[in-house]
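Please take a moment with the sequence and the model shown here, and then follow the account below from one site to the next.

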Amino acid sequence: MLRNSQQGVVYYQYDSFRNSSGLRHGVFTRLGGQSRPPFASLNVSHTVGDDNAVVDANQETVFRALGVSPGQVVTAHQVHGCRAAIVGRREAGQVIPETDALLTNDPETMLMLRFADCLPILFYDPRHRAVALAHAGWRGTMQNVAAATVRAMQAAYHTDPAELRVGLGPCIQVCCYQVGEEVRAAAQRAFPASVPLFARQPDGSYHFDLALANTWQLQQMGVRCFETAPFCTSCCVDEFYSHRRERGRTGRFAVLLGPDRMS
Ligand SMILES: [Zn+2]
């Protein structure tokens, strides 16, 4: 991934997306905003207790970095489900209720979701110039939000999964993601036992591999092209927000993705 820094605003871009014309995207960090601790500093969530005016200013900072106007951005009220919504110009500036995946093929529309440990999944279909952005925590993963997003792209844009380029964003990784019996039981129902989703620790607890779970689900759908962000949000809490590491008192970083006019 390429690390961009503009006046203190730091965001990453996938090599496999960056070299594609017709695409705009950014995986933002917590660096370059105006929020104070524990939200410092580029928090884009209005629902974590941060000052609304500061969050608005942070969002404008994010949009400016990618050359996007606020009226182009469509976001969602994320609920750890598996609903995917197709959006376009009519939804510009809106928050789509109870949705964890957004799709568009409109070059005027930018998708944005917010993260702190959950996995961002960015999808690009270069043939149909369509994109999708999904939010997968363990609950969404057990409901297979990744496959639901691919199916929605197939239905809306005739996407061939073998042609999709998928970027997996910064999330809490297996080094840090200790989970309880609830997650183990849900995984037993949602995955074959042969998928190595859990790492047993010396103390007998289990760590869950969220990125591997979603990669496996996408491979089952026929996706072949992946680029995975080399960051654990909990280990890299200086650059990303981590709900787990910061015990729930933290912000959310932004991920944006949208088709662009071919230059
Ligand atoms: Zn870690």
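This is a predicted model, and a convenient place to enter it is arginine 139, which is partly exposed because its relative accessible area of 41% falls between the 20% limit for buried residues and the 50% limit for exposed ones. The side chain of arginine 139 meets that of glutamate 182 in a salt bridge, with 3.6 Å from N to O. This pair links distant parts of the chain, since arginine 139 sits in helix H3 and glutamate 182 in helix H5, 43 residues apart.

By the distance rule applied here, the count of salt bridges comes to seven, and two others among them deserve a closer look. Arginine 127 forms a salt bridge with glutamate 163, where the closest N and O atoms are 2.6 Å apart; arginine 127 lies in the loop between strand E9 (119-125) and strand E10 (130-136), while glutamate 163 lies in the loop between helix H4 (145-157) and E11, 36 residues apart. Arginine 127 is exposed, because its relative accessible area is 57%, whereas glutamate 163, at 26% relative accessibility, counts as partly exposed.

Glutamate 246 and arginine 30 form a further salt bridge, their closest N and O atoms being 3.2 Å apart. Here the loop between E15 and E16, which holds glutamate 246, is joined to the loop between strand E3 (23-28) and helix H2 (52-66), which holds arginine 30, and the two residues are 216 residues apart. Both glutamate 246 and arginine 30 are buried.

The zinc ion offers another kind of link. Its protein donors are the SG atoms of Cys175, Cys176, Cys232 and Cys235, lying 2.3 Å from the ion, and in sequence these donor residues follow the spacing C-C-x55-C-x2-C. Cysteine 176, in the loop between strand E11 (165-168) and strand E12 (178-179), is thereby paired with cysteine 235, in the loop between strand E15 (225-228) and strand E16 (253-259), 59 residues apart. The arrangement is tetrahedral because the four donor atoms subtend angles of 103 to 115 degrees around the zinc ion. Cysteine 176 counts as partly exposed at 22% relative accessibility, and cysteine 235 likewise counts as partly exposed, at 45%.

Finally, the largest pocket holds about 720 Å³ of space. It is lined by 28 residues, of which His80, Cys118, His135, His243 and Arg252 are the closest to its centre. Strand E8 (110-115), helix H3 (138-142) and helix H5 (181-190) are the elements that give two or more residues to this lining. By class, the lining has twelve nonpolar, ten polar and six charged residues.

Definitions and conventions: Residues are numbered from 1 along each chain as its sequence is written. This is a predicted model: local features need pLDDT of at least 70, side-chain atom pairs count only at pLDDT 80 or more; totals for chains, interfaces and linings use all residues. Side-chain values use heavy atoms; hydrogens and water are left out. On a 1 Å grid over the protein atoms alone, a cavity is a set of points where a 1.4 Å probe fits but cannot get out, and a pocket is an open set with protein on both sides within 12 Å along at least five of seven lines; lining residues have an atom within 4 Å of a point. Grid points are joined across faces, edges and corners, and a volume is the space filled by probe spheres set on the points. Helices (H or I, at least four residues) and strands (E, at least two) are DSSP runs, numbered from the N terminus. Ala, Val, Leu, Ile, Met, Phe, Trp, Tyr, Cys and Pro count as nonpolar, Asp, Glu, Lys and Arg as charged, and the others, Gly among them, as polar. Donors are N, O and S atoms within 2.8 Å of the metal (3.2 Å for Na, K and Ca); water is not among the atoms, so sites may look incomplete. Four donors count as tetrahedral if all angles lie between 85 and 135 degrees; four count as square planar and six as octahedral if opposite donors are over 155 degrees apart and all others between 65 and 115; anything else is irregular. Buried means under 20% relative accessible area, exposed over 50%, partly exposed in between (1.4 Å probe, protein chains only). A salt bridge is a side-chain nitrogen of Lys or Arg within 4 Å of a carboxyl oxygen of Asp or Glu.
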